[in-house]
Number of protein chains: 2
Amino acid sequence: MPQSDTVDKILDAAELLFAEKGFSETSLRMITSKANVNLAAVNYHFGSKNALIQAVFGRFLGPLSRLMEQGSKDNNWGVDSNIPKLEDILRLYTQSLLKIPTSHDNGVAIFMRLMGLAYTQSQGHLRKYLEQQYAKTFRLFMYLVKLSTPELSAEERFWRIQFAMGSIAFTMSSIQPLTEIFENSKSAVAKPDKVVEYLVPYLVSGLTAKSVDE
Amino acid sequence: MPQSDTVDKILDAAELLFAEKGFSETSLRMITSKANVNLAAVNYHFGSKNALIQAVFGRFLGPLSRLMEQGSKDNNWGVDSNIPKLEDILRLYTQSLLKIPTSHDNGVAIFMRLMGLAYTQSQGHLRKYLEQQYAKTFRLFMYLVKLSTPELSAEERFWRIQFAMGSIAFTMSSIQPLTEIFENSKSAVAKPDKVVEYLVPYLVSGLTAKSVDE
DNA sequence: GTATGTTTAAAACACACGTTTGGAATAAAT
DNA sequence: ATTTATTCCAAACGTGTGTTTTAAACATAC
């Protein structure tokens, strides 16, 4: 068995458990027993639990970051007065998400859930890691949105993006428990794709709402 | 010193620490030392840490729940074809929030942050407690929104409310320099009232967006 | 003033956590 | 075949956790 196998088994198990329970609520013993590896393997391969958390994020944010930048470049957004539509930006984002290779289905929901947790749980080290690792991509995203919503003030645009990210992260965070609650005659668990279908027009409408400044 | 004093001191300290760090990341020793009470006081007065968490929420949600139901009744919403406007519902909500008595300013921000954590951190006991305690109020809220947005399908309305709640909870959760806000109460960092000003038109626009079903 | 119930205090409890250790097993290289 | 580096494993370590225990302090009523 090659080395990478243990590493990936740990990452796979950690990803699921973190998404399900949160970071502090998931112990290394849960992870290693789910992954069928020795407890010490985490500290051996990753160094610490915090480093493992960061590695979990790096595994999907790396590809996502690359896909977003590539997509923007392919469309020539931002050059020669080539201004993207807000829907197109969101679509690039969601479709980039779907392109990320995952070890299991429901990968998208898990990513979004993890991103929500990253913002919401006060893991200082994670925030620091994400900032210095993906600040460039985030700035690109902000720039694109700026191009497509020139009528907004910088402050209002910032907050609206914040609101939009909240809708996404929060929704994906609570899909499972909510569908359990409101299971009035609806048997099927809400599929993320279906939810995204509802999400996009909502976001577009909210982001392009008439400004309060006017 | 009367009994209630210790109880309130614990609740005050717990509220702040939970909002700042999360539930699992806050130990009873942090709470009791911040509250200047003995460690055993928590288990004596509340029974367990989980019960303390629930008590912190009860202190907020009890008044809020009453205010919402009273406000709806005062406006005769739902009777005699008296249909509320969506803005009015949101305004009732935000103003009810502001009316809740808090032991310190920034109470609203802390409350929203806690609600975000409640949804986001998978504290099973908390979710169960909130459900069986405030399901009635939540159902009223859903009903009012249904009255004001008759054009939406039940499913799409459900998800849009979800999106909206996400915006609120997430935004308040990630006003990052929270600690600064707590310490020097007149910090210039994002004031919740200002954010709400931006939030309302965004929510209205999103919630009333043209349906994807049409 | 004594008795009764309630609240505080200090200490200890059992347990789960992340991490470290030292040696066994395995693979790669000479 | 022997060496060398890497990976795995069982066990233990130290620390911090929520909770319990015991007794003292306090308040209240008779």
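## A walk around the predicted model

The second largest pocket is a good place to begin, with a volume of about 970 Å³. Keep in mind as you click around that this is a predicted model. Select A:Met115, A:Tyr119, A:Tyr134, A:Phe138 and A:Met165: of the 38 residues lining the pocket, these are the closest to its centre. Now colour by helix. On chain A, the elements giving two or more residues to the lining are H4 (49–74), H5 (86–99), H6 (107–120), H7 (124–148) and H8 (154–173), and helix H8 (154–173) of chain B joins them. Which helix gives the largest share of this lining? That would be H7(A), with nine residues. Colour the lining by class and you get 29 nonpolar residues, seven polar and two charged.

**Next stop: the enclosed spaces**

Searching the whole structure turns up two cavities of 30 Å³ or more. The largest cavity holds about 90 Å³ of space. To find it, select its lining in chain A: A:Leu90, A:Tyr93, A:Thr94, A:Leu97, A:Met112, A:Ile168, A:Met172, A:Val196, A:Leu199, A:Val200 and A:Leu203. Helices H5, H8 and H10 (192–207) of chain A each give two or more of those residues. By class, ten of the lining residues are nonpolar, one is polar and none is charged.

**Over to DNA strand C**

Show DNA strand C and the 17 residues that surround it. Zoom in on A:Leu28, A:Arg29, A:Lys49, B:Thr6 and B:His45, which are the closest. Of the strand C atoms that come within 4 Å of the protein, sugar and phosphate account for 49%.

Three contacts to phosphate oxygens of strand C are worth a distance label:

- B:Thr6, where a side-chain N or O atom is 2.4 Å from a phosphate oxygen.
- A:Lys49, where a polar side-chain atom lies 2.8 Å from a phosphate oxygen.
- A:Asn43, where a side-chain N or O atom is 3.2 Å from a phosphate oxygen.

Both protein chains take part in this surface: helices H2 (28–35) and H3 (40–45) of chain A, and helices H1 (3–21) and H3 (40–45) of chain B, each supply at least two residues. H3(B) has the largest share, three residues. In terms of class, the surface near strand C has six nonpolar, eight polar and three charged residues.

**Now DNA strand D**

Switch to DNA strand D, which has 16 residues around it. The closest are A:Thr6, A:His45, B:Leu28, B:Arg29 and B:Lys49. Sugar or phosphate makes up 52% of the strand D atoms within 4 Å of the protein, and bases make up the rest.

Label these contacts to phosphate oxygens of strand D:

- A:Thr6, with a polar side-chain atom 2.4 Å away.
- A:His45, with a side-chain N or O atom 2.6 Å away.
- B:Lys49, with a backbone N or O atom 2.8 Å away.

The elements giving two or more residues here are helix H1 (3–21) and H3 of chain A, plus helix H2 (28–35) and H3 of chain B. H3(A) has the largest share, with three residues. The surface near strand D divides into five nonpolar, eight polar and three charged residues.

**Salt bridges to click on**

Side chains of opposite charge can pair when their charged atoms come close. Over all chains, the count is twelve salt bridges.

Try A:Asp88 and A:Arg91, paired at 3.8 Å, N to O. They sit about one helical turn apart in helix H5 of chain A, because three residues separate them. Both are partly exposed: A:Asp88 at 31% relative accessibility and A:Arg91 at 41%.

Then select B:Asp12 and B:Arg59, a salt bridge at 2.9 Å, N to O. This pair links distant parts of the chain, with B:Asp12 in helix H1 and B:Arg59 in helix H4 (residues 49–74) of chain B, 47 residues apart. Over in chain A, A:Asp12, A:Glu15 and A:Arg59 are linked in a network of salt bridges.

Are B:Glu156 and B:Arg160 buried or exposed? Both are buried: B:Glu156 has a relative accessible area of 0%, and B:Arg160 is at 0% relative accessibility. Their closest N and O atoms are 3.1 Å apart in a salt bridge, and they lie four residues apart in helix H8 of chain B.

**Last click**

Finish at B:Lys136, in helix H7 (residues 124–148) of chain B. B:Lys136 counts as exposed because its relative accessible area, 59%, is over the 50% cut-off.

Notes
Residues numbered from 1 in each chain as written. Chains lettered and ligands numbered in written order. Predicted model: local features only at pLDDT ≥ 70, side-chain atom pairs only at ≥ 80, totals over all residues. Heavy atoms only, no water. Near = heavy atom within 4 Å. Polar contact = N/O pair within 3.5 Å; in protein donor to acceptor, adjacent residues only side chain to side chain. Nonpolar A, V, L, I, M, F, W, Y, C, P; charged D, E, K, R; others polar. 1 Å grid on protein atoms, 1.4 Å probe; cavity = no way out; pocket = protein on both sides within 12 Å on 5 of 7 lines; lining within 4 Å. Points joined across faces, edges and corners; volume = space filled by probe spheres on them. Buried < 20%, exposed > 50% of the residue type's maximum accessible area, 1.4 Å probe, protein only. Salt bridge = Lys/Arg side-chain N within 4 Å of Asp/Glu carboxyl O.
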